[in-house]
Structure formats: C-alpha cells, structure tokens
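Subject: Structure for you to look at

Hi,

Here is the structure I promised to pass on. Have it open while you read, and I'll walk you through what turned up.

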Amino acid sequence: MKSDHEFLSHIQNEYDKLYKSNSAPEWLTKVRARGIASLHQSGLPTNLDEEWRFFNFPSIYGNEFSIPDGTLGVTVTKAEIEKYTLKNTDAYLLVFLNGRFRKDLSDVETDEKNFKFCTLSSLSTAGRLPFDNLLVKHIGLENNPFTELNSALLTDGAYLAIPDDMRLAKPVHILHLTTGSEKLAVSPRNIIAIGENCHATILESYVGDCADYFSNSVTEIVVGESSIANHYKLQKESDSAVHVGTVYAYQHKGSQFTSCTIAVGSKVNRNNVHVFLSDENIECTLNGLYLGNGKQLIDNRTRIDHAKPNCRSWEVFKGILDDNSSGVFNGKIYVHQDAQKTDAKQTNRVLLLSDDAKINTKPELEIFADDVKCTHGATVGQLDGEAMFYLRSRGIDYKSAYAILTKAFAADVIDTISIKSLKEEVYALLG
Amino acid sequence: MIEIKNLWAKIEDKGILKGINLTINKGEVHAIMGPNGSGKSTLAQILAGRETYEVTEGSVTFKGKDLLDMDPEIRAREGIFMAFQYPVEIPGVSCTYFLKSALNGIRDHKGQPPLDAMEFLAMIREKMDLLGIDQNLINRAVNEGFSGGEKKRNEIFQMQVLNPDLAILDETDSGLDIDALKVVASGVTQFKNSEKSVIVVTHYQRLLDYITPDFIHVLYNGRIVKSGGKELAHELEDQGYDRIKNEADSALPVEESIA
C-alpha cells in the first residue's frame, strides 16, 4: 500500500511526462501549474483529517493510475452512448470520453440565439480567461485538495455560458464516460456560468464500463441574479471505480438553485457539495440520494454558506444502505455574522436494509448571526415491518413491497427532480 | 372455506392460543367475541400470516390448502383479507398505487391480466360511491393523516376492491362512532353472499346489530369456551363476560388438560 506522499510523486511523474513539454494553451498550463503547486503545499488528505475520517484512501493512493493522453483510441459509437442518455427527452448533450470532448457523440446544435457551448480545451489563449474569476477562487473557503488535483491534471470539460435573460428550452446533459482497459485517472471539469434572469436545467452524469479507474470531477456553477437553476448529478460509475466529485455553486442575489446529487455507482465515492449564498433573498435546495450495496462506501460532505441576510436553504440527504455498505453524511451550515434572518433546514435520513450496513452522520452548524432559524435532524432506521406486513397482507409480494417502501422513503428527494425521465430512471434504481 | 384444528400459538414464551377448533363454511358469518387478552386478535393475525406469532401445534386448511405454509401475500392472493385493527400509515405511497399493486398481484396469481389505469379507476370509482369515499382520500398516502373512521372505512373499501373469499374484520368497530359503524356494516353486508365467508372479531355486541352473524364464538384464555347462535351476543351484552369466565375457570384448567 502506498502513502499519500508516494501517490503525489506518482502524480508529479505523470504530470511531468504529459504536460511539461506539452503546448497547451497558456491558461491551461497556468491552471495545472497552480494545481500541482497547491497540492505540494497542502498535501493530500488522509484519515487523520477530520473531514476525511471515514474515507477509503487506499482505493486511490494504492493504485498507479495513468492519465489518459487523448482518448486512447477507444471507439465508442453513438448507439452505445444511448444507454446513458435521457430517455424520450430532448436535451443538449455533451459527451466526454475519458475526459475529452467528443463532438461526434454529442448533440450540441443550439437553436437558441447567443447560447453557445464550448469546451475548456477549445478556449483560446487570447483575452481574459472567461472563468478566471469563477474557478473556486470565490468560494475557496473549503480547502479541498482533490479540486487541486483536478486542476493539476485538467484536460477538458464543459464550459457553458448562458447569457442574461435566457430560458433554456431543453436541459443540458453533460455526460462523462470512462472506458477502456487501462487503469485511468480522469479529471473532468465543468464550468457553468448562468447570467441574470435565466432559467436553466443541467444534468451531469458520470458513467463507466472499464475496470478500476479513478474519476475526480469538479463542477463550478455560478447562478446569476434572479436566475433559476436546477442541477442534477448522477453518479453511476462502474462497480470497481472510485469517484470523488466536487460541486461548487455560487449564488447571486435573488437566485434559486436546486441541486440533487444521486450516488449509485462506484465502490468508493466521495461527494463534496459546497454552495455559497453570496447575497440577499436567495433560495437554495440541496438534496442528495445515495444508494449503497455490496461493500460500497458513499461519503458525503456538504457545506452551505449563508453570507447575507434573508436567505433560505433546505437540505435533505437520504441514504439507503444494504449489505456491507457504509455511508457518511457530514453537512455543515455556516451562517456568517451578516446573515440575519437566515432560515436553514438540514435533514439526513438513512434507511439501513441490513445488519451490516452502517452510517456515520454528523451535522455541523456554525452560526455567527443572532437572529436566525437553523434546524438539523438525522434519523437512521430500518424498513418498517408493520408496513411490510400490511402491504403483503394485501397480496403484494415481498420484493414489490420492499421496492414500494424504499421508493416512498426516497420520494421527497426524487420528486424534486424536474426532468421527468431522470426522475423515472432514479425511481427505477429502487426496484 | 376454512378449518382450524387444535391451533396453538405463542409469542416469545407466552402461550396465547391454546387449542382452537373452528370450521367456517361458505356463506357463513362468524363472530368471535371475548374479553380483552383472550386471543381474538391473535387468531385474526395468524390467519393473515403475521410472523410475530409462532404456531406450535395444529393446522389451518383454507379451501383445501395448508394455510400456515403460505406467505402473507399468497394468503391474500388465495382469498384471505384481514381488515386491520390499526391500519398502518405508509407515507409516500398513494392509496391508488397501493391498491392497484395489490389487485394486480392477486389477478396475476389467478392468471388474469392486470387492469390498466382506466379499468382500475372505473372499478374503484364504483366501490368508492358505495362507501361514500372521497376522491381526495384515495389520492392521499395510505392511511396517512386519516381519521380513525377514515382508516376503518378504507379497510372495508380495500376489502371490496380486492374481493376476497374470506374477510376477517379485526375489531373494525373499535373507535367508530355510530355513523361510521353503519357505513362499515353496510360495506360488509354488500360484500357477503353465499360464496363468501366473514369472521367478525369484536369485543362488543354493537357491530353485530348491523352485521348479523350465523354463529358466535366466545374466546377466553386462548380457547373457544362457548359457541352459539346470534342470541348469544345479547346474552353477553346483558351479563358481560364474567359469567363465561367463571364457568370456564371452574372447568378443567387449560394448562393441565393438556399435560
């Protein structure tokens, strides 16, 4: 087993090999250099770090993942992509294969004026970096070394700039697929800048069909003044993958942001979600659903910052854990001194379906304002035996009764999903 | 319809049923009465397949098949329905969805095709009208936030939709006002015919004013200590259970009669 230091020197070697002599655009070289420098400075986390107490580090540090140089000649057809796309739903589709954009697999013809997709790799060196003032910088309150790792190894990602007053007629689906026979480390990065008075729905999904790989994604979303944004993240990596995913959202005045992180796949999964409510009259709904079985570990860390007065946040994370799986929920709500009249509610509910499944749940409230309403609650329970008997006594078989009750448990989270086919897909995950 | 022979059951180490014998034929309504703790509800629950109780001896034959061998859902599909004394609240599951799943489970067992949404709605609408059940009620989550009367009425509504061969009403009258009681009773009266059997488990004679039983059995200390016609109810109403208790207690003590 290798240590975090050894893993970091492995990353440095890969970095030197691929990027040192590479003629990447200037901004990209800069982002990568900054990332690797920060990593050396902060180091990679270990279980000694409070925020990473329960994470399985050997699953990452114990492997010599290689960084894909190009898409590795992997052939994937549009038909093969279909199983990962939304059913019966018209969407703008951006497909990234092993971390790189594939226009041939995507569907990005836009009929809406002034709305253009772009990929990070296609950004020119000229001019000001369009996202220089977005990148984590604003909300770098939480030091997350995996974000730096993503920056250090950055190759490509979606860049979405939605101009003011635009209502997107279709959802945007950003699909990251990892495939091939190599042990890869991919670093998808998505940057979504939503202007003022916009309405947008974005789905990012992570899927894979190769053996061991490490997907370390970072998504940054800025929601402009008075805009409404729905964001869904579906993590359906392959069973032997490791997925560390970080979502940052920065909300401007009067905006509404609804997010749902759905974690199903991978053997080891860490979800970091950090939302910053930067101004007044903001609403934030931050939901999550994690489903574990086998020996899966799903480790959730969320943080909501209330920086200014009169904002509301609702957070509901629900976990359904079976077999020997384990879950972690650590949710922080940080109410800054200025944020009077904050109304924040956090809930973590977990259903343990087996005697060997376990959950560590820890709410954290840090409140520096004196006129706020903040509540948190955590419940851990098992499937209700009375309800099971009631359903079965009416002629519903055990398996169906089980599915009905687990679906009912997760319903309030799933029902916040506005894309109908996605909602159905998530319900179908429960049997 | 159903034949219960020398049925013994316990929960943990506590014996509850101590040799029940009861035969119910097609078209008959039997009432099972008795003081609190006599085992009435236990008997109903065991017939429905509740696993909390352990049957230690005896047999139950339902329509010629071994009932005790069946899972609760199979019993339901074979034609047993128990109206719960305490119907369970199931948040997040709508009555409609629940009932449709149940009905199609039963239909599948009988080799019938599932009803589609339209057929199902047409079918339940008719039953709803009969029981005066509000449309809003069936769109709500199963029993969630229902009043006591609504819950019991919902049980009878389910019985009518699922159309079992043997309906067991486990203290369906408890907690009902007289109007609700009448609705429940008329639901049962509509249901029963020469092909159906009903077991009414009750503490009080009240419900039997509206559902006339063919036979009444008095359960005490896990055994049927007295059986008779409908007039037995009035006798119990007048004299209470004390006389029957005394008679039974002075007869052979139950435990020793077995040893």
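Let's start in chain B: look for H217(B), whose bridge partner in β12(B) is S227(B). The two strands involved are β11 (residues 215-220) and β12 (residues 223-228) of chain B, and they pair in the antiparallel sense over five bridges. Together β11(B) and β12(B) make a hairpin, with two residues between them. While you're at the turn, check N221(B), which has a positive phi of about 50°. One thing to keep in mind throughout: this is a predicted model.

Now for the charged side chains. As a bit of background, side chains of opposite charge can pair when their charged atoms come close. Over all chains, the count comes to 32 salt bridges. Here are three of them, each in chain A.

First up is K236(A) with E425(A), a salt bridge with an N to O distance of 3.1 Å. K236(A) sits in strand β10 (residues 228-236) and E425(A) in helix α8 (residues 420-429), so this pair ties together parts of chain A that are 189 residues apart in sequence. Are these two buried or exposed? Somewhere in between: K236(A) is partly exposed because its relative accessibility is 30%, and E425(A), at 23%, also counts as partly exposed.

Next, try R301(A) and E364(A), which form a salt bridge with their closest N and O atoms 3.6 Å apart. This one links strand β15 (residues 297-306), where R301(A) lies, to strand β19 (residues 358-367), home of E364(A), and the two residues are 63 apart along chain A. R301(A) counts as buried because its relative accessibility is 4%. E364(A) is buried as well, with a relative accessible area of 19%; the cut-off for buried is under 20%.

That pair also belongs to something wider. Which residues join R301(A) and E364(A) in a network of salt bridges? They are E50(A), E51(A), R53(A) and K362(A).

Last one: E366(A) and K332(A) meet in a salt bridge, 3.1 Å from N to O. E366(A) is in strand β19 of chain A and K332(A) in strand β17 (residues 326-335), 34 residues apart. The two ends fall into separate classes here: E366(A) is partly exposed at 25% relative accessibility, whereas K332(A), at 9%, is buried.

Have fun clicking around!

Cheers

Technical notes:
Residues numbered from 1 in each chain as written. Chains lettered and ligands numbered in written order. Predicted model: local features only at pLDDT ≥ 70, side-chain atom pairs only at ≥ 80, totals over all residues. Heavy atoms only, no water. Salt bridge = Lys/Arg side-chain N within 4 Å of Asp/Glu carboxyl O. Helix = DSSP H or I, 4+ residues; strand = E, 2+ residues; numbered from the N terminus. Buried < 20%, exposed > 50% of the residue type's maximum accessible area, 1.4 Å probe, protein only. Pairing = 2+ DSSP bridges.
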